[in-house]
Amino acid sequence: MTLPGESWRISKIANEARRAIESLDLEAQGRILIELEGLQANPFLGDVKRIKGKKDIYRLRSGRFRVYFRIIALSRSIEILLFDQRGAIKDKDIQRL
């Protein structure tokens, strides 16, 4: 059980998302890593929106990139599900989540 003051943690990154982040240039990787660190501080701050029709799936916008993630409140963990450029993630990809 976690205490209320504890920060969040990224417990899982989907392989496809990890490969997409690794394929970016170093500057873009740095920006994304800063955004992911911010998620661990508070996953509800910044340009984060809940996905309609999904109870625990959210979207983080970082420039031209989008990070889709699941929040598991009981364990205060975050699972990174999808990462891609704006427009490259289709509705069918989101509905699969």
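In this predicted model, Ser62 of strand 3 stands opposite Phe65 in strand 4, and the two strands, covering residues 57-62 and residues 65-72, pair in the antiparallel sense over six bridges. A second pair of partners along this pairing is formed by Arg59 and Tyr68, the latter lying in strand 4. The connection between strand 3 and strand 4 is a hairpin with two residues between the strands, and Gly63 in this turn has a positive phi of about 65°. Both strands are mostly covered: six of the eight residues of strand 4 are buried, and strand 3 is largely enclosed by the rest of the structure, because five of its six residues are buried.

On its other pairing, strand 3 is joined in the antiparallel sense to strand 2 over three bridges, where Lys49 has Arg59 in strand 3 as its bridge partner. Arg59 is thus a bridge partner of Lys49 and also of Tyr68 in strand 4. Strand 2 and strand 3 form a hairpin as well, here with six residues between them, and Gly53 in the turn has a positive phi of about 85°.

Strand 4 in turn pairs with strand 5 (residues 77-85), to which it is joined by eight bridges, the two strands running antiparallel. Within this pairing, Ile71 stands opposite Ile78 in strand 5. The two strands form a hairpin with four residues between them, and the turn contains Arg76, which has a positive phi of about 50°. As a general point, the side chains of a regular strand alternate between the two faces of the sheet.

The strands also contribute to the largest pocket, which has a volume of about 150 Å³. Its lining is made up of Lys49, Arg50, Ile51, Arg59, Arg66, Tyr68, Gln85, Arg86, Gly87 and Ile89, and at least two of the lining residues are supplied by each of strand 2 (48-50) and strand 4. By character, the lining divides into five charged, three nonpolar and two polar residues. The bridge partners Arg59 and Tyr68 are both found in this lining, as is Lys49, the partner of Arg59 from strand 2.

Helix 2 (residues 26-41) was examined for its length and for the placement of its buried residues. At 1.5 Å a residue, its 16 residues should span 22 Å, and its end C-alpha atoms are 23 Å apart, which agrees with that expectation. The buried residues of helix 2 are Ala28, Gln29, Ile32, Leu36 and Leu39. They cover an arc of only 100° around the axis, and therefore lie on the same side of helix 2. Such an arrangement can be read against the general geometry of an α-helix, which has 3.6 residues a turn, so that residues three or four places apart point the same way. The face turned away from the buried side of helix 2 carries the exposed residues Leu26, Glu27, Ile34, Glu37 and Ala41.

Taken as a whole, the protein has three helices and five strands, which follow the pattern β-α-α-β-β-β-β-α when read along the sequence. Of its 97 residues, 37% count as buried.

How values were computed: Residues numbered from 1 in each chain as written. Predicted model: local features only at pLDDT ≥ 70, side-chain atom pairs only at ≥ 80, totals over all residues. Heavy atoms only, no water. Buried < 20%, exposed > 50% of the residue type's maximum accessible area, 1.4 Å probe, protein only. Pairing = 2+ DSSP bridges. 1 Å grid on protein atoms, 1.4 Å probe; cavity = no way out; pocket = protein on both sides within 12 Å on 5 of 7 lines; lining within 4 Å. Points joined across faces, edges and corners; volume = space filled by probe spheres on them. Nonpolar A, V, L, I, M, F, W, Y, C, P; charged D, E, K, R; others polar. Expected span 1.5 Å × (residues − 1). Arc of directions from axis to C-beta.
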